[in-house]
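Thanks for coming. I will walk through one model this morning, a piece at a time. Please keep the structure open while I talk.

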Amino acid sequence: MESIYNLKLNDLENFLINNGGKKYQAAQVFDWLYKKRITKFKDMTNLNKETIKLLELNFQIDELEIVKKQSAEQTHKYLFKLSDGSLIEAVLMMHNYGNSICVSSQVGCNMGCLFCESGKLKKVRNLLPSEMILPILMIEKDLNLRISSVVIMGIGEPFDNYLNVIKFIEIINEPKYLSIGARHITVSTCGVVPKIKEFSDFPLQVNLAISFHAPDDKLRSELMKINKVYNIAELIDSIKEYILKTNRRVTIEYVMIDNVNDKDEQAKSLAKLFKGLNVYINLIPYNETSDPSFKKSKRIMQFYDILKKENINVTVRREFGGDIDAACGQLKAKEVNE
Ligand code: SAH
């Protein structure tokens with residue numbers, strides 16, 4: 001049965017109107033689900049019996065099973081079981097400015113980036129909006145806290161599951177309910193150009209991050225299969241178009257791998273590509289995985305200095321969760337195949 005968490009407020013309003021209910025009842029249901037966190041329709045005491053029956057016949061209020069939880073000081077990694085038995089991961093990070101969650105968008109991933117653990121599992125299926133929302137609700141309940149920002153940077157390529165990701169963003173952004181501000185939501189893509197173009201028309205002020213990782217096509221195609229489909233020139237054109245349309249700054253992610261993409265000349269080429277564009281480059285220390293061919297760069301600060309000198313906005317990402325395999329690119333839902 002369909003999860004109620006797949007519905008936007010507007011979807012539920014339409015459902016009620018078309019099935020003998022009242023439009024305003026949708027707001028009541030959302031209030032129970034997202035504010036009071038009720039998990040049974042019959043506990044929604046301001047609804048009449050007919051509406052409760054109607055909802056019960058058509059939707060379920062589901063939960064996810066927490067299969068495993070690993071915690072380090074400010075990081076908690078969760079493994080959840082979905083109704084079909086698939087496993088997904090989410091990571092909660094506690095910052096002094098609030099709590100953020102990193103959610104997955106697919107079971108497995110087909111992008112096959114060479115350095116990434118998540119890509120070693122083939123994509124099994126897309127996640128539904130409810131399957132991205134439930135980790136938020138489950139973790140908030142488990143840790144008794146509120147999550148204020150969401151990054152869609154877990155397993156999967158969000159722009160390979162575009163419609164569900166958009167719906168997920170719309171639901172969590174819904175004012176009065178979870179109400180996670182658009183500026184507190186970030187979508188990261190490996191560079192699916194047509195979807196970047198489509199996303200530039202999305203009305204919410206969500207942050208866009210691009211996994212860039214290499215300053216020339218030869219290296220980028222070696223590291224990231226997607227570059228063989230949409231090369232650097234096409235990717236940068238789509239970023240320019242996005243900035244022009246939205247007037248928003250784009251994040252360029254650059255994972256720093258020892259002896260692969262961390263040389264001075266590469267920093268200079270990278271600077272040349274982005275000079276004058278409204279972007280900031282986020283240097284990500286490579287999190288070492290089970291693959292011994294990739295190591296963390298020892299030249300992050302030299303690389304940083306070159307970009308700075310070229311007047312590029314640049315930051316180094318703080319490392320989180322490496323000790324519990326919860327860092328970027330380490331998510332893999334290990335239990336699946338180990
Ligand atoms: N598919 C999307 C979402 C995944 S986000 C994307 O590619 O953007 C995960 C981010 O972590 C990406 O920038 C990815 O390239 C990066 N990453 C992957 N493996 C990593 C690792 N071992 N260490 C650090 N970052 C890694």
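Let me start inside helix H5. Its buried residues are Tyr 162, Val 165, Ile 166, Phe 168, Ile 169, Ile 171, Ile 172 and Asn 173. Before going on, I should say that this is a predicted model.

What covers those buried residues of H5? The cover includes three helices, H2 (24-35), H4 (129-143) and H6 (193-199). It also includes the strands E4 (98-103), E7 (149-152) and E8 (185-189).

There is a simple check on H5 that you can repeat yourselves. The helix runs over residues 162-173, which is 12 residues, and at 1.5 Å a residue it should span 16 Å. Its end C-alpha atoms are 16 Å apart, so the model agrees with the expected span.

From H5 we can step across to H6, one of the helices that cover it. Glu 198 lies in helix H6. In sequence, Glu 198 and Tyr 162 are 36 residues apart, and their C-alpha atoms are separated by 9.6 Å. Is Glu 198 buried, partly exposed or exposed? Its relative accessibility is 35%, and buried would need under 20% while exposed would need over 50%. Glu 198 therefore counts as partly exposed. Its side chain makes a polar contact with the side chain of Lys 195, at 3.0 Å.

Next, the charged pairs. The count comes to 17 salt bridges, and I will show a few. Asp 31 forms one with Lys 36, where the closest N and O atoms are 2.5 Å apart. Asp 31 is partly exposed because its relative accessible area is 24%. Lys 36 is also partly exposed, at 44%.

A second salt bridge joins the side chains of Arg 125 and Glu 131, at 2.9 Å from N to O. Glu 131 has a relative accessible area of 7%, so Glu 131 is buried.

A third one joins Glu 140 and Arg 146, with 3.2 Å from N to O. Glu 140 is buried too, with a relative accessible area of 4%. Which residues are linked with Glu 140 in a network of salt bridges? They are Arg 37 and Arg 146.

Arg 37 deserves a second look. It sits in the loop between H2 and helix H3 (49-58), and at 25% relative accessibility it counts as partly exposed. Its phi is near 60 degrees, which is a positive value in a residue other than glycine.

Asn 259 also has a positive phi without being a glycine, in this case about 65 degrees. You will find Asn 259 in the loop between E10 and helix H9 (264-274). Asn 259 is exposed, with a relative accessible area of 58%.

Now for the ligand. How many residues surround the ligand? There are 21, and the closest are Glu 157, Ser 188, Ser 211, His 213 and Asn 287. Three polar pairs are worth finding on your screens. A nitrogen atom of the ligand is 3.0 Å from an N or O atom in the side chain of Glu 157. An oxygen atom of the ligand is 2.6 Å from an N or O atom in the side chain of Ser 188. At Asn 287 the partner is in the backbone: a polar backbone atom there is 2.9 Å from a nitrogen atom of the ligand. Taken alone, the ligand exposes 530 Å², and the protein buries 96% of that. The elements giving two or more residues to the shell around the ligand are E8, strand E10 (250-256) and strand E11 (279-285).

I will finish with two loop residues. Ser 104 lies in the loop between E4 and strand E5 (106-107). Is Ser 104 buried or exposed? At 3% relative accessibility, Ser 104 counts as buried. A polar atom of its side chain lies 2.9 Å from the backbone oxygen of Glu 89. The backbone nitrogen of Ile 155 lies 3.1 Å from a polar atom of that side chain. Leaving out residues up to four places away in sequence, Ser 104 touches Glu 89, Leu 127, Met 132, Gly 154 and Ile 155.

The other residue is Asn 247, in the loop between helix H8 (232-246) and E10. Asn 247 has a relative accessibility of 66%, so it counts as exposed. With the sequence neighbours up to four places away left out, Asn 247 touches Tyr 242 and Asn 278.

Notes. Residues are numbered from 1 along each chain as its sequence is written. This is a predicted model: local features need pLDDT of at least 70, side-chain atom pairs count only at pLDDT 80 or more; totals for chains, interfaces and linings use all residues. Side-chain values use heavy atoms; hydrogens and water are left out. Helices (H or I, at least four residues) and strands (E, at least two) are DSSP runs, numbered from the N terminus. The expected span of a helix is 1.5 Å times one less than its number of residues. Buried means under 20% relative accessible area, exposed over 50%, partly exposed in between (1.4 Å probe, protein chains only). Contact means heavy atoms within 4.5 Å. A salt bridge is a side-chain nitrogen of Lys or Arg within 4 Å of a carboxyl oxygen of Asp or Glu. A polar contact is a pair of N or O atoms within 3.5 Å; within protein, one must be able to donate a hydrogen and the other to accept it, and residues adjacent in sequence count only if both atoms are side-chain atoms. A residue is near a molecule or strand if one of its heavy atoms lies within 4 Å of it. Accessible areas come from the Shrake-Rupley method with a 1.4 Å probe; for residues, only the protein chains shown count as cover.
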